[in-house]
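The following exchange examines a single protein chain, from its overall fold to selected side chains.

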Amino acid sequence: MIPIPSGVRVWIATGHTDMRCGFPSLALRVQEVLKHNPMGGGLFCFRGKRGDLLKVIWHDGQGACLFTN
């Protein structure tokens with residue numbers, strides 16, 4: 001399990017996202033649609049069209065992470 005520090009903000013994108021997107025595409029979506037910095041330390045959650053897939057991007061201060069489920 002990856003420990004997430006307290007105080008980290010979680011942002012959930014409304015609608016569905018193409019699950020073929022990788023970190024660069026999702027980070028661009030965070031910048032252009034959500035108007036936030038993807039490297040700012042927040043968790044950004046995206047769901048697939050059917051609702052059974054989830055992708056989360058997070059920059060922990062050392063590097064960028066892309067979690068999928």
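**Fold and side chains of the chain**

From the N terminus on, the elements of the protein chain follow the order β-α-β-β-β, where helices (H or I, at least four residues) and strands (E, at least two) are DSSP runs numbered from the N terminus. This is a predicted model, in which local features need pLDDT of at least 70 and side-chain atom pairs count only at pLDDT 80 or more, while totals for chains, interfaces and linings use all residues. Residues are numbered from 1 along each chain as its sequence is written, and side-chain values use heavy atoms, with hydrogens and water left out.

Reader: What is the radius of gyration of the protein chain, and which value does the globule rule give for 69 residues?

Author: The secondary structure comprises one helix and four strands. The radius of gyration is taken over C-alpha atoms, and the globule rule is 2.2 Å times the number of residues to the power 0.38. The chain is as compact as a globular protein of that length, because its radius of gyration is close to the rule's value: 11 Å for the chain and 11 Å by the rule.

Reader: What percentage of the 69 residues in the protein chain is buried?

Author: Buried means under 20% relative accessible area, exposed over 50%, and partly exposed in between (1.4 Å probe, protein chains only). The C-alpha atoms fill a box of roughly 30 × 30 × 20 Å, taken along the principal axes. Of the 69 residues, the buried share is 30%.

Reader: How many salt bridges are counted, and which side chains meet in the one at 3.1 Å?

Author: A salt bridge is a side-chain nitrogen of Lys or Arg within 4 Å of a carboxyl oxygen of Asp or Glu, and the count comes to two. One of them joins the side chains of Arg20 and Asp18 at 2.9 Å, N to O; Arg20 is exposed at 74% relative accessibility, and Asp18 is partly exposed at 33%. In the other pair, one partner is exposed at 70%, namely Arg50, and one is partly exposed at 46%, namely Asp52. The side chains that meet at 3.1 Å, N to O, are those of Arg50 and Asp52.

Reader: Which backbone oxygen does the side chain of Lys55 reach?

Author: Lys55 lies in strand 3 (residues 54-59) and is buried without a salt bridge, the nearest side chain of opposite charge being Asp18, 7.6 Å away. For such charges, Lys and Arg count as positive and Asp and Glu as negative, whereas His and the chain ends are not counted. Contact means heavy atoms within 4.5 Å, and Lys55 touches residues including Arg20, Phe44, Phe46 and Phe67. At 2.8 Å, its side chain reaches the backbone oxygen of Met19.

Reader: Is His59 buried or exposed, and what is its relative accessible area?

Author: His59 also has its place in strand 3, and its side chain reaches the backbone nitrogen of Gly61 at 3.2 Å. Among the residues that His59 touches, beyond four places away in sequence, are Pro38, Met39 and Ala64. His59 is buried, with a relative accessible area of 18%.

Reader: Which loop holds Lys35, and what is the value of its phi?

Author: Most residues other than glycine have a negative phi. Lys35 is exposed, with a relative accessible area of 64%, and is found in the loop between helix 1 (23-34) and strand 2 (43-47). Its phi is positive, near 60°.

Definitions and conventions. Polar contact = N/O pair within 3.5 Å; in protein donor to acceptor, adjacent residues only side chain to side chain.
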